[in-house]
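User: Please examine one part of the model shown below in detail and set it in its context. A connected account with explicit cut-offs would be preferred.

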Amino acid sequence: MKKLALSVFLAASLFGVCRNAYSSDILPRGDESVEWALAAESFYNEAVSVPAPDKAQPYSIMVVDHGKVVLERCYGGYTADSRVNVLSECKTVLALAAGIAVEEGLFSVGDRVADFFPGHLPHKVSDTLSSMTIRHLLTMTCGWEESSKLLSVFARNSDKDFDWIGEFFASRPTSVPGTQFYYNFFASYIMAAIIEKTSGMHVMDYIRPRLLEPLDITDAEWEVSPAGICVGGWGMLLCTEDLAKLGQLLLQRGKWNGRQLVPEEWIDSMTSKQVESGPFNAFLGRYNPSVGYDTENEHSQGYGYYVWRGKYGTYRMEGLRGKLTIVSPARETVLVLTGDTNLEQEYVDLIWKHFAHLM
């Protein structure tokens with residue numbers, strides 16, 4: 001046991017324990033878990049040994065077990081309060097905002113999307129477009145494929161006067177809404193636009209007193225489109241502890257310090273399997289319906305409201321290139337990983353290889 005404790009101490013010294021570096025209120029701290037520390041060390045060592053041309057560089061790992069932080073690690077010059085672009089993890093934040101808006105009566109999941117944007121619709125509105133609802137946006141079953149012009153915004157080639165909403169509606173339908181999972185980045189932009197239109201304020205202004213301030217998330221930023229609308233599905237800056245708080249909020253079914261920030265029923269809907277999600281390719285949402293359904297693929301475990309279902313009864317917030325916040329209700333545990341990697345399924349396999357026995 002002494003050798004085990006020494007190993008953990010040396011690992012913490014080598015890689016850096018990110019403790020008490022926050023200006024905001026931090027999550028309660030417990031005694032460091034030897035098991036989690038050893039798992040994190042072995043995960044890190046294998047991740048950084050991935051040969052070229054692949055890349056896997058963890059930035060931070062945090063574990064919250066039964067409401068207390070039992071492991072904190074930072075790597076490569078990152079610190080506990082280093083903010084990173086969490087990419088699609090912020091879609092889950094948007095779903096939380098949508099749940100609050102539904103509770104406040106701003107809209108319902110059954111409302112038709114087209115009804116919110118009469119000035120952005122094509123001259124002739126098809127029955128397919130007319131049938132698209134907010135639930136279809138939240139479950140990635142809206143039935144629309146982004147045009148190349150829409151996708152050009154990721155290369156910053158979009159004209160500042162380009163109407164993202166109008167182009168979304170003008171894009172090609174791939175299926176009847178509600179019938180097929182298709183990971184659409186701009187579905188979340190439309191969702192953000194609906195929140196802003198119905199609330200009369202920017203998404204960040206809407207969620208700040210309702211969600212962020214109660215969690216004491218004080219330094220978050222979220223990118224806006226040239227039209228000044230929150231982009232919704234990417235471009236949010238958060239630190240590791242912010243993500244841990246959001247994961248813990250999900251685990252606690254929307255309750256924080258005795259206050260119900262988001263309705264329990266909404267959290268249950270968000271984190272349960274609303275639709276089948278495979279086959280799926282995380283790069284720009286491309287998929288091939290002719291590919292066989294791989295039940296072992298992490299992205300084939302189902303999808304909720306901007307939340308991925310995972311193996312071992314888990315669910316997660318996920319951003320491209322190694323940003324994951326994994327929640328295990330059975331173990332009352334939240335595992336946060338930030339980093340940068342070219343790997344997709346292989347990276348998740350690496351996570352489960354080292355952490356599954358603790359989740």
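How many aromatic pairs does the structure hold? Please then look closely at strand β11 (315-319) and at the lining of the largest cavity.

Analyst: The model is a predicted one, so local features are reported only at pLDDT of at least 70 and side-chain atom pairs only at pLDDT 80 or more, whereas totals for chains, interfaces and linings use all residues. Residues are numbered from 1 along each chain as its sequence is written, and side-chain values rest on heavy atoms, with hydrogens and water left out.

The structure holds 19 aromatic pairs. Here rings of Phe, Tyr and Trp (for Trp, the six-membered ring) pair if their centres lie within 6.5 Å; planes under 30 degrees apart are stacked, those over 60 are edge-to-face, and the rest are tilted. Phe116 and Phe117 make a tilted pair, with 6.5 Å between centres and 55 degrees between planes. Both Phe116 and Phe117 are buried, where buried denotes under 20% relative accessible area, exposed over 50%, and partly exposed the range in between (1.4 Å probe, protein chains only). Trp164 and Phe186 instead meet edge-to-face, at 5.6 Å centre to centre and 80 degrees between the planes. Trp164 belongs to helix α7 (residues 164-170) and Phe186 to helix α8 (residues 185-199), so this pair ties together parts that are 22 residues apart in sequence. Helices (H or I, at least four residues) and strands (E, at least two) are DSSP runs, numbered from the N terminus. Trp164 is buried at 5% relative accessibility, and Phe186 is buried at 1%. Ring pairs also link Phe181, Tyr183, Phe185, Tyr303 and Trp308 into a cluster.

Attention now turns to the sheet that holds β11. An open sheet is formed by 6 strands in the order β2-β1-β13-β12-β11-β10, with antiparallel pairing; two strands pair if DSSP finds at least two bridges between them. The edges are β2 (68-74) and β10 (308-309), each with a single partner strand, so one side of each has no neighbour in the sheet. β11 stands between β12 and β10 in the strand order.

On one side, β10 and β11 pair in the antiparallel sense over 2 bridges, and Arg309 stands opposite Tyr315 of β11. The hairpin of these two strands has 5 residues between them, and Tyr312 takes a positive phi near 60 degrees there. On the other side, β11 and β12 pair antiparallel over 5 bridges, with Met317 opposite Thr325 in β12. In this second hairpin 3 residues lie between the strands, and Arg321 takes a positive phi near 65 degrees.

Burial is a marked feature of β11: 5 of its 5 residues are buried, so the strand is largely enclosed by the rest of the structure. Both of its faces are covered, with Tyr315, Met317 and Gly319 buried on one side and Arg316 and Glu318 buried on the other.

The cavity analysis returns to the same strand. Rolling a probe the size of a water molecule over the atoms shows where empty space is left. On a 1 Å grid over the protein atoms alone, a cavity is a set of points where a 1.4 Å probe fits but cannot get out, and lining residues have an atom within 4 Å of a point. Grid points are joined across faces, edges and corners, and a volume is the space filled by probe spheres set on the points. By this rule there are 4 cavities of 30 Å³ or more, and the largest has a volume of about 110 Å³. Its lining comprises 14 residues, of which Glu318, Arg321, Gly322, Leu343 and Glu344 lie nearest the centre. β11, β12 (323-328) and α12 (345-355) each supply at least two lining residues. The lining divides into 6 nonpolar, 4 polar and 4 charged residues; Ala, Val, Leu, Ile, Met, Phe, Trp, Tyr, Cys and Pro count as nonpolar, Asp, Glu, Lys and Arg as charged, and the others, Gly among them, as polar.

Beyond β12, Glu332 lies in the loop between β12 and β13 (333-341). Its phi is near 50 degrees, a positive value in a residue other than glycine, and at 39% relative accessibility Glu332 is partly exposed.

How values were computed:
On a 1 Å grid over the protein atoms alone, a cavity is a set of points where a 1.4 Å probe fits but cannot get out, and a pocket is an open set with protein on both sides within 12 Å along at least five of seven lines; lining residues have an atom within 4 Å of a point.
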